[in-house]
Amino acid sequence: MSEIEQLKAALAPVAAGRATARLDDKGRASIVLDVTGLGAAARVELEADVKAAAARVAGVSDVRVLQTSERRQRRLIAVASGKGGVGKSTIAANLAIALAKRGRKVGLVDADIYGPSQTRLMAVEGVRPEAQDKKLIPVQTKYGVPLLSMGGLVAEGQAIAWRGSMAGQALGQLIDGDWGEAEVLILDLPPGTGDLQLTMVQKHKPAGAVIVSTPQDLALIDATRAIDLFGKVGVPVVGLIENMAGYACPHCGEVSDPFGRGGAEAAAERLGLPFLGRVPLELAIRAASDAGEPPAAGNGPAAETFAALAARLDDWLAANGG
């Protein structure tokens, strides 16, 4: 067996088909290592194992390793609203968790630069993301959904008094983090249709957008503006979600509609867009989310509500690229 054959044989059980090796006449081994889909720690460990295996081969005097990876086609789904206070962040967090429970590899980006809340919703307050090779490494959560948020980079309660360009750069760093095997990123966008939102959708071009609104007319007017923004930049709207739709009295069980009912569904029909479903106005959803225990992670009625929403998003993803 030649020296190059010995080298390849030594690498085979360690690299599992990821290594391509060459050996010059001076015994210098050059190894190209495909690290596509591996996290930072796994890449470091694999390179060390490959170097050690190559160094043990007779005739090898030096080992050089070059890591390469194919750019993963990762799809971004923006969760947006035309105004604040409609529960967009809660919807985004629970949607990400419910989608992960369906088997999707999901990451969550808290793109609400000025009002980050996902660190609390995902129970990782005070956990600061690390960085490697100039990329942020998402914080792992107990719900199987890694997260990057400005809430993990600034002190709690600290105002982020940045102009649009700085906020845009920060958002870019979150989206371009080292997301490993994540195939879908849920983006919790800041409310509104201003410069930051426009810059994000133009630069990063989400695959689709989910619009969140409460049932009343004022919220729907602003939601329509958000829909118009995505239409102007060519981002398809996956559908509308009506949040805070119906309140069941915990004492008598009677259902009332303090914000109205059916407005988002009617708006979706009028605009020719899919209606994804309703999320009721429930104290349990608010309390669990504030406690860092999103209902989608459980098994109750609220979990079923978010599971149904995630199923419709999953169907859309499957119909638009797999």
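Helices, as named here, are DSSP runs of at least four residues, numbered from the N terminus. With that in hand, let us walk through this predicted model, starting at one residue and then moving to the sheet.

Our starting point is Glu47, which lies in helix α2, spanning residues 40-55. Is Glu47 buried or exposed? Its relative accessible area is 18%, and because buried means under 20%, Glu47 counts as buried. Leaving aside residues up to four places away in sequence, Glu47 touches Leu33, Val65 and Gln67. Ser61 makes a useful landmark too: 14 residues separate Glu47 and Ser61 in sequence, and their C-alpha atoms are 17 Å apart in space.

Now turn to the sheet. It is an open one of 7 strands, paired in parallel, and you can trace the order as β8-β5-β9-β4-β10-β11-β14. At the edges stand β8 (147-149) and β14 (275-279); each has a single partner strand, so one side of each is left without a neighbour in the sheet. As you step from one strand to the next, the twist averages 20 degrees.

Two helices that pack on this sheet are worth finding next. Helix α3, residues 88-101, touches β4, β5, β9, β10 (208-213), β11 (237-243) and β14. The direction of α3 makes about 165 degrees with that of β9. Helix α8, residues 263-271, also packs on the sheet, where it touches β11 and β14. The direction of α8 makes about 160 degrees with that of β11.

Let us look more closely at β9, made of residues 184-188. Which strands pair with it? In the order of the sheet, β9 sits between β5 and β4. Strand β4, residues 75-80, pairs with β9 in the parallel sense over 5 bridges. Within that pairing, Leu76 has Leu185 as its bridge partner, while Ile77 stands opposite Ile186. On the other flank, strand β5 (residues 106-110) runs parallel to β9 and is joined to it by 5 bridges. There, Val106 stands opposite Val184.

How many residues of β9 are buried? The count is 5 of the 5, so the strand is largely enclosed by the rest of the structure. In a regular strand, side chains alternate between the two faces of the sheet. You can follow this along β9: Val184, Ile186 and Asp188 point one way, Leu185 and Leu187 point the other way, and all are buried.

How values were computed
Residues are numbered from 1 along each chain as its sequence is written. This is a predicted model: local features need pLDDT of at least 70, side-chain atom pairs count only at pLDDT 80 or more; totals for chains, interfaces and linings use all residues. Side-chain values use heavy atoms; hydrogens and water are left out. Buried means under 20% relative accessible area, exposed over 50%, partly exposed in between (1.4 Å probe, protein chains only). Contact means heavy atoms within 4.5 Å. Two strands pair if DSSP finds at least two bridges between them. Axes are lines fitted to C-alpha atoms, for helices over the stretch in contact, and angles run from 0 to 180 degrees between N-to-C directions.
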